[in-house]
Amino acid sequence: MSKGRVCLAYSGGLDTSVILKWLVLEGYSVVCYLADVGQEDAQDAAAIEKKAMLLGAERMVIEDLQKTFVEDLVFRAVQCNAIYEDRYLLGTSLARPVIAKAQVQVAERYNCQFLSHGCTGKGNDQVRFELAFKALNPALQIIAPWRLPEFCNKFQGRQDLLKFAAENNIPVSSSPKAPWSMDENLAHCSYEAGILEDPDHTPPKELWKMTLDPLDAPDKPTEFTIHFEKGIPVKVVEGGKETTGSVELFKLLNKIGRENGVGRIDIVETRFVGIKSRGCYDTPGLTIARLAHLDLEGLVMDSKVRELRDQFITVSWSRQLYNGMYFSPEREFVENSILFSQQNVTGQVRMMAYKGNAYVIGRSSDASNLYSEQDASMDSLEGFSPWDTTGFIEINALRLKKYGLQKQKDGQPLTK
């Protein structure tokens, strides 16, 4: 008799294949689920389904979530200029809410009592998935094999997994495993663990798969224009060709970034569980889109709104995504602020990508009257006149004068 039905996040790789077979041997019925969020080297869907069924799954469900991923998470990240610890553009974090929500929906569709995943017990993803699961459907129980003593005692390393695979006729790749782990989606590819755990070890050239080495990038720059509506990219023009459609234009930005070596970073970050971790990230298209968006905001966005957004909203939303708090009241609260701040962020940004960098070379917009060429011009006295500034300076100097006088009185003059 079955112990219950489990919806397992299944990739077809060694770890989740072993977990699938282990769950079946433990007496569970298993529905396997794979969300396509743009993994370019993902195995063929038919091959994954065949493998899952061979290992005893009841069914294999594969869904294309690329459009949802780009429109609901990636573009929202662009709108708020999301970034974690001033370096990481949240590529892995952004995909987790989309996958978790879809997995819960599949579990409900097929009357599962359990959810399961292959995340390690030290990383962020276990937290992201499970917090999402508990918010989306608290009635579903969670099986996290890599935190179960009976599983961890049996599988203490890759060799134990391979031995179990051989004993249970689990097909595994004959090619050698890369000496690092890799996770890819449409927004980025991450590389961690293995030889990268030494933070002073230079990443080998063959590690990077989403971007060319900047030194190998073309000697001629690529010029293109990104059109935004309310902070969201809606069109990219490159080489006289217009590309629209969320997934299509984002893939084009990825291509431009990839071919010009844009979007590589190598960092040490602080995981939510408190462990510091070294990660190498490849994020070509999102790096470009974020830079263009930041520049357009400089032209059209009220400075005080921008200051508050930068100080509170960008930091909060980024941390919420990184820590797995997407399905939370605080994320909904700050997201409404993001949408308000983007009302006039409409316009075009002309860009150039070259040898590992992206550059803004022009911008324009009809959505805001904040920028005035006449006001800013050094050749015009109309509108804002230079002598209007005299009183402004005097008013702002009042407290500074008093501060300077007090410092003199205290024997600590500012000139000392």
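Me: Before we start, what does "domain" rest on here, and how far apart are the centres of domain 1 and domain 2?
Reply: Domain bounds come from an automatic or database domain assignment. In this predicted model, the protein chain is divided into domain 1 (5–68 + 88–177) and domain 2 (183–301 + 344–364). Taking the centres over C-alpha atoms, the distance between domain 1 and domain 2 is 29 Å.

Me: Thanks! How many residues does each domain bring to the contact?
Reply: Contact here means heavy atoms within 4.5 Å. Domain 1 gives 19 residues to the contact, and domain 2 gives 23 residues.

Me: Let's look at helices. Are α3 and α8 roughly parallel or roughly perpendicular to each other?
Reply: The axes of helix α3 (residues 66–79) and helix α8 (residues 246–259) come within 9 Å and cross at roughly 70°. Angles from 65 to 115 degrees count as roughly perpendicular. Therefore α3 and α8 are roughly perpendicular to each other.

Me: Which residues make that contact, and how many of them are nonpolar?
Reply: From α3 come Gln66, Lys67, Val70, Glu71, Val74 and Phe75, while α8 adds Ser246, Val247, Leu249, Phe250 and Lys251. By class, the contact of α3 with α8 has 2 polar and 3 charged residues, and its nonpolar residues number 6.

Me: Is α1 mostly covered or mostly exposed, and how many of its residues are buried?
Reply: Helix α1 (residues 14–25) has 12 residues and reaches 16 Å from its first C-alpha to its last, close to the 16 Å expected. Among its buried residues are Leu14, Ile19 and Trp22. α1 is mostly covered, and of its 12 residues the number buried is 9.

Me: Which residue just after α1 has a positive phi?
Reply: Look just past the end of α1 for a positive phi of about 100°. The residue that takes it is Gly27.

Me: What span should α4 have, and how far apart are its end C-alpha atoms?
Reply: Helix α4 (residues 91–109) has 19 residues, so at 1.5 Å a residue it should span 27 Å. α4 is mostly covered, with 15 of its 19 residues buried, and is followed by Asn111, whose phi is positive, near 55°. The end C-alpha atoms of α4 agree with the expected span, being apart by 28 Å.

Me: Last one: is Thr243 buried or exposed?
Reply: Thr243 lies in strand β10 (residues 241–243). Not counting residues up to four places away in sequence, Thr243 touches Val234, Lys235, Val236, Glu248, Leu249 and Leu252. Buried means under 20% relative accessible area. Thr243 has 14% relative accessibility, so Thr243 counts as buried.

Notes: Residues numbered from 1 in each chain as written. Predicted model: local features only at pLDDT ≥ 70, side-chain atom pairs only at ≥ 80, totals over all residues. Heavy atoms only, no water. Axes fitted to C-alpha atoms, helices over the stretch in contact; angles between N-to-C directions. Helix = DSSP H or I, 4+ residues; strand = E, 2+ residues; numbered from the N terminus. Parallel < 35°, antiparallel > 145°, perpendicular 65-115°, else oblique. Nonpolar A, V, L, I, M, F, W, Y, C, P; charged D, E, K, R; others polar. Expected span 1.5 Å × (residues − 1). Buried < 20%, exposed > 50% of the residue type's maximum accessible area, 1.4 Å probe, protein only.
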